[in-house]
Amino acid sequence: MDISLIGDKKRRSSSSRARSPTTIHSLQHEILCTIFSFLDFFDLASCSAVCKTWSTVINKSKLLRVFCRKQWQMGLAGSSNGSSDGPEKPWEVILEEMAVERHKLALQDGRIRVDHLRGHSVGVGQCRKKMGLLLTGGGDKVMRLWSLESYKCVGEYPTPDKVHLVDFDFDESKIVGLVGTRICIWRRNAMRSIFPSCEGTFPKGLCMRYCDPEAVVGCEDGTARVFDMYSKQCSQIIRMHAGPVTCLCLSDDQLILSGSSLGGITISGLSSGEQVAKLSSNDSSGIKTLCFNPGSHLVFAGSAAGYALCWDVRTMKCLWETRVSPNRVYTLQHMRNDASTLAVGGIDGVLRLLNQSTGEVISRCVLDGYLSSSSQSTIGATQRMRGTRLSEDTPVESILSTRRPPITCLIVGMRKVITTHYDKYIRIWKFE
């Protein structure tokens, strides 16, 4: 910082009165650049996502260009054609790629710290994450919204008439839930509305996905029912399978992907309702969960027989099938824009990390210890312990079940995996 800015009180006062808004803005920019110069690339990536001002300063400053060029010279960021002049990709793209690479290495080899958050009075069945917030729901008939920074509960949303909470999702303004045989909407100010009985009631719903302005419900009769959140009407009924639809995901290009208890995956157009493709495999035990990576065009699924499976939607071919567990796979997920690592969880409670391209199990993670018997039983109480990676020759059966409670749902974030369980706790696995 310019030493001329340091002076006596009178000089500072007179100079501040003389400064124009442009000068003040220039000084703020200079101060931010000075602060950012002390950060590594991962911290820069995090700061660039804080707000538009910070993103602009980082992406347009010489600091970022110089930093990325140094990384390129060290071989950490490459040119698309091997040019010696420097990387050709936009600097912010290179920064994101390096952050994703750090994420991959942390999940593969990093030390594991696990934060235990007491989220509900009974088991936690589902979780969703957006904008630094985590939404969870359990058997106590209430959804809770948590800050992932402070682990504080910032909102509670009880379900109507104490009926079963099947599935849910949320955005900046509202929470959408599949409750019994109805769809409910909670405004973030806690006001709730229920779809009219003639439109919101349908055959038993087993799963739901929401992308404003539509919610898609997978039903026991093999259909996917599309509901408009604003008109509160069912706009489409799409035949997906001959048996129950057990899981759903929505792609950015208006496709519905669904799995069935009879096995196989169907892809249909959200707007047209027409079937686009069917994906099949040798495992007919039933699909329990699925996700889609738009960057690599790969679909991943977990089955009731413990298999993880992968298809390429461009060729409609199954690329690999891996028996990751002797028991059911309940959930699998990857971080957006990451085409390297897939996190898988299920009834045996082991958090597995797979190579997305080959299906190879890279690592198996469990808790390294036990929750203290004196830990608080109040909602929001936290406790920390380490996680550990199992060696290849360690049988899962030799690990006590208290160190690997069944994983009901998981979400992958930057260098972290969040899991929910039947034992009332939400676990945040941080890979350092």
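**Exercises on a predicted model**

**Exercise 1.** In this predicted model, identify which residues C365 touches, leaving aside residues up to four places away in sequence, and place C365 within its nonpolar core.

*Solution.* Step 1: apply the contact cut-off, heavy atoms within 4.5 Å. The residues touched by C365 are I112, V350, L351, L353, T388, R389, W429 and F431.

Step 2: turn to the core. The largest nonpolar core comprises 18 residues, and C365 is among those with the most contacts inside it, together with L351, L410, V417, W429 and F431.

Step 3: trace the elements that build this core. At least two residues come from each of α6 (91–109), β1 (112–118), β24 (351–355), β25 (361–367), β27 (407–413) and β29 (425–431).

Step 4: look beyond this core. Another core of 14 residues lies apart from it, and its members include C247, L257, A301 and W311.

**Exercise 2.** Determine whether strand β11 is mostly covered or uncovered, and describe how it pairs with β10 and with β12.

*Solution.* Step 1: count buried residues, those under 20% relative accessible area. In β11 (residues 214–219), 5 of the 6 residues are buried, so the strand is mostly covered.

Step 2: examine the pairing with β10 (residues 205–211). The two strands are antiparallel, with 6 bridges; M208 has V217 of β11 as its bridge partner. The hairpin joining β10 to β11 runs through 2 residues.

Step 3: examine the pairing with β12 (residues 223–228). This pairing is also antiparallel, over 5 bridges, and V216 is matched with V226 in β12. Here the hairpin has 3 residues between the strands, and G222 in the turn shows a positive phi of about 90°.

Notes. Residues are numbered from 1 along each chain as its sequence is written. This is a predicted model: local features need pLDDT of at least 70, side-chain atom pairs count only at pLDDT 80 or more; totals for chains, interfaces and linings use all residues. Side-chain values use heavy atoms; hydrogens and water are left out. A nonpolar core is a set of buried Ala, Val, Leu, Ile, Met, Phe, Trp, Tyr and Cys residues joined through side-chain atoms within 4.5 Å. Buried means under 20% relative accessible area, exposed over 50%, partly exposed in between (1.4 Å probe, protein chains only). Helices (H or I, at least four residues) and strands (E, at least two) are DSSP runs, numbered from the N terminus. Two strands pair if DSSP finds at least two bridges between them.
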